[in-house]
Amino acid sequence: MALYSAAAAVLEGLERGAGGVKALVFNSRYPLYALVAQTLRYSPVLEELLAGAALLRAEKKLSPQLAKVLVYELLFGKGLKCGGRWKALARRHRARLEAELARLKVRRKVSRNEELLAPAQAGDPGAAQVPRYVRVNTLKTCVDDVIDFFKREGYSYLGKAASVDDLRALSGKKFLLDLHLPELLVFPPQTDFHENLLYTSGHIILQDKASCLPAFLLSPAAGSHVIDACAAPGNKTSHLAAILKNKGQIFAFDVDTKRLATMNTMLMRAGVTGFHLAQQDFLTVDPADPKYSKVAYILLDPSCSGSGMVNRVPVAEAAPSAERLQALAGFQRKVLSHALSFPALQRLVYSTCSVHQEENEDVVEAVLQEWGSAFRLVDAFPCWPCRGLAAFRGAESCLRASAADTLTNGFFVAVLERCGAGAAACSSLPAAAADALQQGKGTEPGAAPKKSKRKKQRVKE
């Protein structure tokens, strides 16, 4: 019963503008995303059914949001799992609701539930083409074992993608190894693994490809000290730990207690060790503190407009105002400059899930000018197809991503390295990215990835 009430609370929060789907779900202690997303997809259909069956008139204590969740689960989901009064209520009205559903299908001249959904109900137009990306958590398993697991579940593995068009053509139960990132599997859009054993056990992380770029390009060496400055919900932190092979130290900061608690659970499930979570505004962290004297890498993914996020559920979000963008950019410049003040810093990755130049190229340009010749932009991933906007000299070294061009969320990434006295040897390509490019040259499209030499925990069904 608590699960359905929590899902209803998320729907109510969306209606009053308390936050986006992911933020509201993240703040709940229940795994709600799939249930909330599907209820939203079917929302117009559910409203018709509720009206036709007069359910809200008959059950005056039942909120519209909870009614939608219960009816979705009863008619379109996996069946009600709760007990008590909600199950009794659903049973009382089941026949009437099923009759309304049958009449609706006759009126619409359809036979399947999915056919009741209008194209506009699928969510953001970009979501129809953005695949489901699955990052293999190499702290617990390896790519080959995960591929074998999905094969046993009836999926067909097509090998390594040769182009973005290969990803775009995915359908049914087919999947590929990504063409850029060596531990990323790609499935058709709307594939849902939130209840899959590999996800619930931490063997895989459901993470958009663009969101994997910051840790991948930061590429900290095993044994390094790393800061994840704005860490929650923790996907990038777990990715950093995998790159470090759990050898080193990660200092992760976030200001929200509840988010940190959820993040701690997620990291433990992913098998991450050697991390310190701190409920602290990163701007208040003292770079001169001896605790951070060995921090050579910083991943900075600050608060932003989120304008690049592709919604897989039909939730309209207003574009940020000019005043909002100006305020965000001011904060982003401040936090980036603060991050560069850590004395042992060698490489920093700045990223946002924004499409706006004000939060991206303009921020990097302003901070680089402030720091003079102490840091430089690195052309970190030359094979990436989309580059920064020509806002200033060197902007082409930055990376951009979009649903149209890279089949990902809209994203921006810039890699900065220290130069001059005290800098480590500057390389134009971090080790992980260099390895990926080398592997790409030696791996034929469609070939299975090479076996890992490291001993891994095998995935069991």
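What follows is a short look at how the helices, buried residues and backbone outliers of this predicted model are arranged.

The structure is a predicted model, with residues numbered from 1 along each chain as its sequence is written; local features need pLDDT of at least 70, side-chain atom pairs count only at pLDDT 80 or more, and totals for chains, interfaces and linings use all residues. Side-chain values use heavy atoms, with hydrogens and water left out.

On the broad scale, the chain has 17 helices and 13 strands. Helices (H or I, at least four residues) and strands (E, at least two) are DSSP runs, numbered from the N terminus. Of the 461 residues in the chain, 52% are buried; buried means under 20% relative accessible area, exposed means over 50%, and partly exposed is in between (1.4 Å probe, protein chains only). Contacts, meaning heavy atoms within 4.5 Å, lean towards long range: among those with a separation of 6 or more, 73% are between residues 24 or more positions apart.

Helix H3 (residues 33-41) has two helix partners to look at. Its axis and that of helix H4 (residues 43-53) come within 5 Å and cross at roughly 70°, which makes H3 roughly perpendicular to H4. Here axes are lines fitted to C-alpha atoms, for helices over the stretch in contact, and angles run from 0 to 180 degrees between N-to-C directions. Angles under 35 degrees count as roughly parallel, over 145 as roughly antiparallel, 65 to 115 as roughly perpendicular and the rest as oblique. On the H3 side, Thr39, Leu40 and Arg41 meet Ser43, Pro44 and Leu46 of H4. Sorted by class, that contact has three nonpolar, two polar and one charged residues; Ala, Val, Leu, Ile, Met, Phe, Trp, Tyr, Cys and Pro count as nonpolar, Asp, Glu, Lys and Arg as charged, and the others, Gly among them, as polar.

The other partner is helix H6 (residues 64-75), which packs with H3 at an angle of about 95°, the axes being 10 Å apart. H3 and H6 are therefore roughly perpendicular to each other. Leu35, Gln38 and Thr39 of H3 make this contact with Lys68, Val69, Tyr72 and Glu73 of H6, giving three nonpolar, two polar and two charged residues.

Helix H8 (residues 143-152) is largely enclosed by the rest of the structure, because seven of its ten residues are buried. These are Val143, Asp144, Asp145, Val146, Ile147, Phe149 and Phe150. They pack against a mix of elements, including strand E1 (132-136), strand E2 (156-160) and helix H10 (197-200). After H8 comes Gly154, with a positive phi near 100°.

Helices H13 and H15 each have a buried face. H13 (residues 257-269) has 13 residues and reaches 19 Å from first C-alpha to last, close to the 18 Å expected at 1.5 Å a residue; the expected span is 1.5 Å times one less than the number of residues. Leu260, Met263, Met266 and Leu267 are its buried residues. Seen down the axis of H13, they fall within an arc of 120°, so they line one face of the helix; the arc is that of the directions from the helix axis to the C-beta atoms. Exposed Thr265 and Met268 sit on the face of H13 turned away from the buried side.

In H15 (residues 361-371), the buried set is Glu361, Val363, Val364, Val367 and Leu368. Down the axis of H15 these residues fall within an arc of 160°, so they too line one face of the helix, while exposed Gln369 and Glu370 are carried on the face turned away from it. Partners of the buried residues of H15 include helix H14 (322-339) and strand E13 (411-418). Just after H15, Gly372 has a positive phi of about 65°.

Two buried helix residues carry polar side chains worth a look. His239, in helix H12 (residues 235-244), counts as buried at 7% relative accessibility. Beyond its neighbours within four places in sequence, His239 contacts Arg135, Cys212, Ala215 and Phe216. Glu100, in helix H7 (residues 84-108), is buried with a relative accessible area of 11%. Leaving out residues up to four places away in sequence, Glu100 touches Leu49, Gly52 and Ala53.

Finally, the backbone. Most residues other than glycine have a negative phi, and most peptide bonds are trans. A cis peptide bond with omega about 10° joins Ala232 and Pro233, and Pro233 is in the loop between strand E6 (225-228) and H12. Gln190 has a positive phi near 70° and is partly exposed, at 36% relative accessible area. Ser219 also has a positive phi, about 45°, but counts as buried at 8% relative accessibility; Ser219 lies in the loop between helix H11 (209-218) and E6.
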